[in-house]
Every structure is written in structure tokens, then in C-alpha cells.
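Visitor: I'd like a close look at one part of this structure: the salt bridges. Could you walk me through a few pairs and tell me where the partners sit?

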There are 2 protein chains.
Amino acid sequence: MDSLDEKFLKLGAKNAPGQEVRHNDSAVNYKGKQLTGTPVDFSHGDVDAFTPIPDTLDAFNDGVRIGGEQAYTEYRGSKTIRVDVARKLTNFTGVSTEINADENLILTPGTQGALFLAMGSTVTKGDKVAIVVPDYFANRKLVEFFEGEIVPIELDYIKTTERAGINLNQLEDAFKSGVKLFIFSNPNNPTGVIYSQDEIRDIATLAQKFNVMVIADELYSRQIFDGKEFVHLFAQNIIDRDNIITIMGPSKTESLSGYRLGVAFGSAKIIDRMEKLQAIVSLRTAGYNQAVMKKWFAEPEGWMDKRILQHQAIRDDLISKLRFSSGFEVRPTEAGSYLFPKLPNIDISLEELVKVLRLKASVIVTPGTEFGSQFTNSFRINFSQDHQSAVSAIDRLIKVVEEYHK
Amino acid sequence: MDSLDEKFLKLGAKNAPGQEVRHNDSAVNYKGKQLTGTPVDFSHGDVDAFTPIPDTLDAFNDGVRIGGEQAYTEYRGSKTIRVDVARKLTNFTGVSTEINADENLILTPGTQGALFLAMGSTVTKGDKVAIVVPDYFANRKLVEFFEGEIVPIELDYIKTTERAGINLNQLEDAFKSGVKLFIFSNPNNPTGVIYSQDEIRDIATLAQKFNVMVIADELYSRQIFDGKEFVHLFAQNIIDRDNIITIMGPSKTESLSGYRLGVAFGSAKIIDRMEKLQAIVSLRTAGYNQAVMKKWFAEPEGWMDKRILQHQAIRDDLISKLRFSSGFEVRPTEAGSYLFPKLPNIDISLEELVKVLRLKASVIVTPGTEFGSQFTNSFRINFSQDHQSAVSAIDRLIKVVEEYHK
């Protein structure tokens, strides 16, 4: 096995959300009969249930009508669109100095594109990278692809309230040991917890003290439940501006994933590198698609509030169902559309359970092991689904788990 | 300077097509007065002059109407679309065994996306990679990004007729010296020459003999002039099927660059790796955009023939203008929309000339040095432009060059 074989073995995408169709299911048996009900794919949100921001397709069509100028933008994206997005993000984050559209912002093919470009611009062979466990599964894969060394930081999400639960002592030790980059999602994926004001201030203070670069993935920061406070790391003005990149995008709450749009803003030096890398990765975010960004942060009055309340209501129903069944442990989502419950003891493996859920109950969930090898008794669901279908699917999920309960 | 600084210095995108807006022009002076005329950006094709395949926007809108299924495809792209594209490429290339849509094909964000994924799946630190000089500038940058070692292969395009002019002895020596991968564009970018049947057979025979992986970038293989023959490397059945990846896409002749669509087909092992890499690079080719592939190879009767003849006519006019002026050397384009003329001796540098052309004559060209450091007296133009504007722009270009003629 050569070094590329090894590298790509670690990049396994088989259990990644959306790849279930590539599984070979011939060897899977399950107890009892198939459970009937509308199939629900909890591995990602259902954009048919929560549809894209109104008039986004019109914005795309307008982009096509603009023609060549919209098709061939700078690699970092159309200047007009960047100016508009920079202004909106300045307002949203409440940062004191305006984000400079020329120097400090790049449009990317989704937030995944932003993460890849940001990591490719900051991580090289042997670099120590601190990542939270659990956190978005691609963070780990990206460090491995760029041959960095992962330094895991615990998140005690399940026992904690009022804060995310990051182990700050561990973070400080990691930074002392020479970590070059810290990457984390806030709100956290997969748990849906928000880092508190204190946690953000402490992270920023440590990063500044030890000169650590930080990538903050704030993809879900517009979908905050129960009126909780959300603190943007870079708006704290604690970390040197050249040492922070923030990532956002309209793929989740705004349901624009099919357009592949994201944005990274922060360090001019890193944004420059990201553009150079973008030039060889895929040239630019699809030109016509960029025009859709005009509709972001320009939703109709009340649209976002309503969407947040609808998700909150689904969350509440799913959590009461899970808590009513014995053995599940779950911390309520504070932001975003994820739940990351712990399972009761069952007599099959997590991998088998995931398959049984899919085949017997028509319910797709993402195994916890995607977020850290220790999460062998957790699973993630994205509850941005048709409300009634999600509730029925959780009923079926609970029924299956109870059948395999030890 | 750390190793990432060095790496990104080599990735400079400043002189790349489309990035001219980011230049600081304060220090540029030029002889005489500004020349008037419609500005022409020869760095890429003008999709307002040669518009996208009819009804592509309808196909996109249909994709959006499909909804979630089209937004969240497998990372390698929608199965329906892959089946359709595989069938069309089987017919187009005349390969004897049908291309398998499940195992041997991936949709990518443009052909640039395909190149990046293919190189990232085959090149690791220290690997020797043979690249043709001149060839598409990103080939060199990709090898550098993945820390391979470039082994240059000469293309004597300007003195040669009836074949592209690749130095096969040099290629054999390179393969003997342990080259792992050979990447080349056919038709060649920037010269527009086609590799002959003999050249393709010899390349294939050498690659097979020395077990070298080959990436063939055939982006321009539908736009062939003067009824010339075009031979698809992989359809020769000489190279082991696991050792070849072919890349195509509708960004050029079909003017769909604003949608960022491409395709790679070949080795199942490499396509698998490319999908894993795609999963962390940007998840997938934008879902709705994939639907546009339905219109590829399904153009209205006569549409492609007409487009080819229109480009051939522009080529002929530009070449006679260049040849009428003393000192230019140019080989006529055999396929695609590029010309790569050699300049007469001038008393300013190529970099200065490119700036003067832009500021004095409103003509943007790509400096030859993007395609190899030795091409200090060549430039590339993409003549997929409004016919009359292109002719006037070449008149202005010739006038400027004559003013600086030694």
C-alpha cells in the first residue's frame, strides 16, 4: 500500500451523509417486519420541507442575464456581490471595523469549499492542529489530507449547561505544545451547542497569547433558539485580525445548498492564499450562482423568525419523544438543526443499527463515529424536515432501538 | 519565510486570466495616445458573443424544481445525470466498452475541478510528474501544490506540421527515470494543436510499457477545425484502464463556464479517490447546476457545426492580420479557441507589453510565461469573441507591438 492509498483510506466517505446509496446491503438482516412510514433522511436537511429563500431562482436567472461579467468573476468572487456580502456581515456580526470587501472576503463553493481553502492555506505537513471532539467530521479529514497532526480537545457537551463545555485547560496545554491552528464550529456540529461569551473570550485570549491561527465555522449562527446570545469570535477584537478566518453560508437555515455558496472573511493574507488555491481548485464559485447571494440576509420580513420557531418546535417534539423512551441522553439544541443523542445499551453495533434503521424503518441517521472514533453510541440527526414526518421517523427509530435494547 | 509562504508564492494567480482587475497600474507609462475601440478580453472567451447552448437555463430551472433530490446528490454527482453523460461520452469517443456511470465517472466543478481532484488523487510529495511545455498553466501549479517534481517535455509546436510536436524521446527518458504521472491537454492549451494518431499511439505505448498514469485533458475536443482527425487516448485501448483519466466539460465551446461543470472518466480506483477528495473540497458539483448537463451533447441540429465554422473564420482573419505584420510567428489553431503567437523583438518586457496593451489598447492577453518560464516572447489569446471586435483588437495589438518593435 503506497502513501496515497493510506491517505485515501483515511478519507473514507462511505458513511458520510448522502452516500448511503453506494452501500451494499445484501448482508443485513433485522428483527421483525419492516416499519411503514414516510422515509426520512436525517443525514441532511430537507429542502423540500424548508424551501430556499423566496426569489433565489429569480436572482440566479438575473445573474445569467448579466452574462459574461457574471460568468467570469475574479477568483474571489464578483466585486459587487462581495461589497454587498461584506456590508451585511459587518451588520450581522456587529464588528466595530467594517469588513473590507477587497481584502478580507472570498466567496466559496459552499462552506465546505471555504473550509478546504482555509485549511489548505494554513496547514502543512506536521503542523499541529487542535480540533474539538466532537466536531464536523470534515475537520479531521482535512487535517489528515494536508498531513497535519490532530490534537483533540474535549467538549463535555452532554453534562454541561450554559456553556458549550470546551476543556479550556486542554486547549491551553495544546497551544503551549505548539499548535499552529485551532478550528471549531460554533454553533457546534453535531451537538447544536453554543459557546458562551466567557468561552469565546477565553479561546480568543489563549489564541492571542500563543499566536495561534483560528478558523471559526459559524455556518449555523443565524438559527439561534430560545433567544440565546451568540458571540462572534472575530468581533471581540481580541485576536490579531491576521490570525482569524470566519466561515458562513446560506446552505443550511436558508436551504440554498443546491447552489453551493459560502463565504470566508478575515485575515487578508489567508484570504489571498485562499484565492490562489481556489484558482487551481475550481477557478471560482460558479459565477451565476454568486448572484444568489443578493438574497442572503435580505429575506422577507419575518421569514427567518418563522423558520427558527418552526425548527424549535420540531426540536421540542423530538426531544420529548427521546426522553420519554428509556436510556437516550440528549442535550437540547441551542442553535442549528442538529441533535446528537446518546443511545441506550444495545446488542448490535452502531454500524449495524444505522443499517437496520435505514432498511427496516426508512430512517437515515449519521453514525457518531463520523465525529470522533469514541462516539460509538451516539448518532446525529438533522431535524430540518417535515415536522410530522420527523416525529413519525423518531417514533420508528425509538421502536427499533428498544427492540435491540440490552 | 515558512514553507506555506513559499508554496503560495509559487501559486501566484496575479497574471492568471481574469485577475487583471487586481493589478496596480499607477506605474505604467506608454508611448503615444490611447487607441480607441471596443475593449476585448482575450484572456477567456466572451460568452456574450458566443452564448450558452440554448435552453440551458431552462434545464437549471427544472433542476431547482426537482428540489432536494437534485440539491443533495451523491458526491460524484446525480446518478441520472451520470448515466446520461456516460452514454453520450461513450458515443462521442467511440470507445469499444461502454463507460460505466457507477464506477468510472464523476461530475466536477468545471474541468479545473476535475484536474484538481485527479492530481490530488495521484500526486504526492516527491512524485515525478511529466508535463508538456507549453501546456495549461494550472498543470504546473497543481504539481507544485501537491509537492511533486516537474519533468518538462518539449512541444515543438511552431516548427511542426501534421503532428503536435511532442518530443517522444524526452518522454521515454522521463518515463524511464521513474515518472509516475503524465498530464497533457489535447487539443493543447495554449497552442491549439492536436496530437496525431501516431503521437497518441506512441504516448499510450510508452505509458503502458512504463506503467505511467495518464491524465488527458480533452476540454476542447469538440471544436475541431478543417475536418481534422481527433484521437481519444483512452479509446485506443492500449493503456490499462486503471491507468487513465480523461477530462472534458462544457465550459468552452458550449459557453457554460458560469455553471462550473466538468466530468472525469476512467480508472475506477482514481474516480473513487476523486470522490473522497470532492467530499472535503466542496461536497459536490452544485446540485442544481448538474441538471444543465442534460443539454450537453444535445445541442440543436447544426448548432455545433455553425459555432465551429464561426470560430474558424475568426481564426483565419486574426492569423492573416498577424502574418501580414512583420515578425509575428504563429501556427494556425487546429482545435479550440486559442492562438499562441510569438512576438517580434520589442524593446519592453512581456510583462510591460501586456500592461500597455491593456491600458493603451484595451486589449487583454495572457503572457506566455504563464505556460512556461521560457515563453517570454509569446502570448495567448482566446479568440472566442465577437468577430469584428476581435479583428479590431488585433489591429490595435499589432499597432502597439510595431511601436515597440526594435
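Guide: Let's start in chain B of this predicted model, where B:D226 and B:R315 make a salt bridge whose closest N and O atoms are 3.0 Å apart. B:D226 sits in the loop between β6 (213-217) and β7 (244-248) of chain B, while B:R315 belongs to helix α11 (residues 303-324) of that chain, so this pair ties together parts that are 89 residues apart in sequence. What about exposure? B:D226 has a relative accessible area of 48%, so it is partly exposed. B:R315 is down at 5%, and because buried means under 20%, B:R315 counts as buried.

Over in chain A, salt bridges that share partners link A:E74, A:K79, A:R82 and A:D102 into one network.

Now hop to A:K125 and A:E147, another salt bridge, with 3.2 Å between the closest N and O atoms. Both partners are in loops: A:K125 in the one between α5 (110-120) and β3 (128-133) of chain A, and A:E147 in the one between α6 (137-145) and β4 (149-154) of chain A, so the pair ties together parts that are 22 residues apart in sequence. A:K125 has 55% relative accessibility, so it counts as exposed. A:E147 comes out as partly exposed, with a relative accessible area of 29%.

Here's one inside a single helix: A:D84 forms a salt bridge with A:K88, and their closest N and O atoms are 2.9 Å apart. Why are these two separated by about one helical turn? Because they are four residues apart in helix α4 (residues 79-93) of chain A. A:D84 is buried, at a relative accessible area of 17%, and A:K88 is buried as well, at 7% relative accessibility.

If you'd like the overall tally, the structure holds 53 salt bridges over all chains.

One last stop, for a polar side chain: A:S255, in the loop between β7 (244-248) and β8 (262-266) of chain A. Is A:S255 buried or exposed? With a relative accessible area of just 3%, A:S255 is buried. Its side chain reaches the backbone oxygen of A:F50 at 2.7 Å. Leaving aside neighbours within four places in sequence, A:S255 also has contacts that include A:V47, A:T51, A:P52 and A:R307.

Notes:
Residues numbered from 1 in each chain as written. Chains lettered and ligands numbered in written order. Predicted model: local features only at pLDDT ≥ 70, side-chain atom pairs only at ≥ 80, totals over all residues. Heavy atoms only, no water. Buried < 20%, exposed > 50% of the residue type's maximum accessible area, 1.4 Å probe, protein only. Polar contact = N/O pair within 3.5 Å; in protein donor to acceptor, adjacent residues only side chain to side chain. Contact = heavy atoms within 4.5 Å. Salt bridge = Lys/Arg side-chain N within 4 Å of Asp/Glu carboxyl O.
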